[in-house]
Amino acid sequence: MIRLSLACLALCATAAPALAGDVTVTLKGVQPRGGEVSAVLNTAATFMRGADYVASTSGDTSGDVVLTFRDVAPGEYALMVMHDANGNGRFDMGPSGMPDEGFAFSNKGQPLMGMPTFEGLKFTVGTDGVTLVEPMTYMPSR
């Protein structure tokens, strides 16, 4: 009986999922340019290669926009946001190499020179989740 109880406890301990929390992101200064505002959370392993979590909303909204990633496993993540105003599924750059579409990063990162890095953008998600407030950046129109 004791062995059966210990076996049950061991099975329950290994089968229990890791506690997960929500990541709520408030984007400040979204401009109503149409398309879609899409955000991704990446781990170091998926950074710039895919997405561990995705959230999106209409790009017709202006002002503060809130996106929520549900049940995010504890760990380190980087947030990247793109306002895909023309709906082509890509982050468009102008001839000068400057972004044509709005963007935001975790840690208020705005790498206007060069590519963003995971180390520069990472933040920690615990079992209680986390709340971020990040400004959107839009380059001046040509």
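F91, F103 and F105 form one aromatic cluster. The model is predicted, and residues are numbered from 1 along each chain. In total, the count comes to 4 aromatic pairs.

**The aromatic cluster**

In the pair of F91 and F103, the ring centres are 6.0 Å apart and the planes stand at 90°. Planes over 60 degrees apart count as edge-to-face, so F91 and F103 make an edge-to-face pair. This pair links distant parts of the chain, with the two positions 12 residues apart in numbering. F91 lies in the loop between β5 (75-84) and β6 (102-105), whereas F103 belongs to strand β6.

F103 also pairs with F105. Here the centres are 5.7 Å apart and the angle between the planes is 55°, which makes the pair tilted.

How exposed or buried are the cluster residues? F91 is partly exposed, with a relative accessible area of 33%. F103 has 4% relative accessibility and counts as buried, because the cut-off for buried is under 20%. F105 is buried as well, with a relative accessible area of 10%.

**Strand β5 and its partners**

The loop that holds F91 runs between β5 and β6. Strand β5 is mostly covered, as 8 of its 10 residues are buried. The table lists the strands that pair with β5.

| Partner of β5 | Bridges | Sense | One bridge pair |
|---|---|---|---|
| β2 (residues 36-42) | 7 bridges | antiparallel | L41 and L79 |
| β6 (102-105) | 4 bridges | antiparallel | H83 and G102 |
| β7 (residues 123-125) | 3 bridges | antiparallel | G75 and V125 |

With β2, strand β5 shares 7 bridges, and the two run antiparallel. Within this pairing, L79 of β5 is the bridge partner of L41.

Which residue of β6 is the bridge partner of H83? That residue is G102. The pairing of β5 and β6 is antiparallel and extends over 4 bridges. F103, the buried residue in the edge-to-face pair with F91, also sits in β6.

Strand β7 is joined to β5 by 3 bridges, again with the strands running antiparallel. In this pairing, G75 stands opposite V125 of β7.

**How the two parts connect**

Strand β6 belongs to both descriptions: F103 lies in this strand, and β6 pairs with β5 over 4 bridges. F91, in the loop between β5 and β6, is partly exposed, while F103 and F105 are buried.

Technical notes: This is a predicted model: local features need pLDDT of at least 70, side-chain atom pairs count only at pLDDT 80 or more; totals for chains, interfaces and linings use all residues. Side-chain values use heavy atoms; hydrogens and water are left out. Rings of Phe, Tyr and Trp (its six-membered ring) pair if their centres lie within 6.5 Å; planes under 30 degrees apart count as stacked, over 60 as edge-to-face and the rest as tilted. Buried means under 20% relative accessible area, exposed over 50%, partly exposed in between (1.4 Å probe, protein chains only). Two strands pair if DSSP finds at least two bridges between them.
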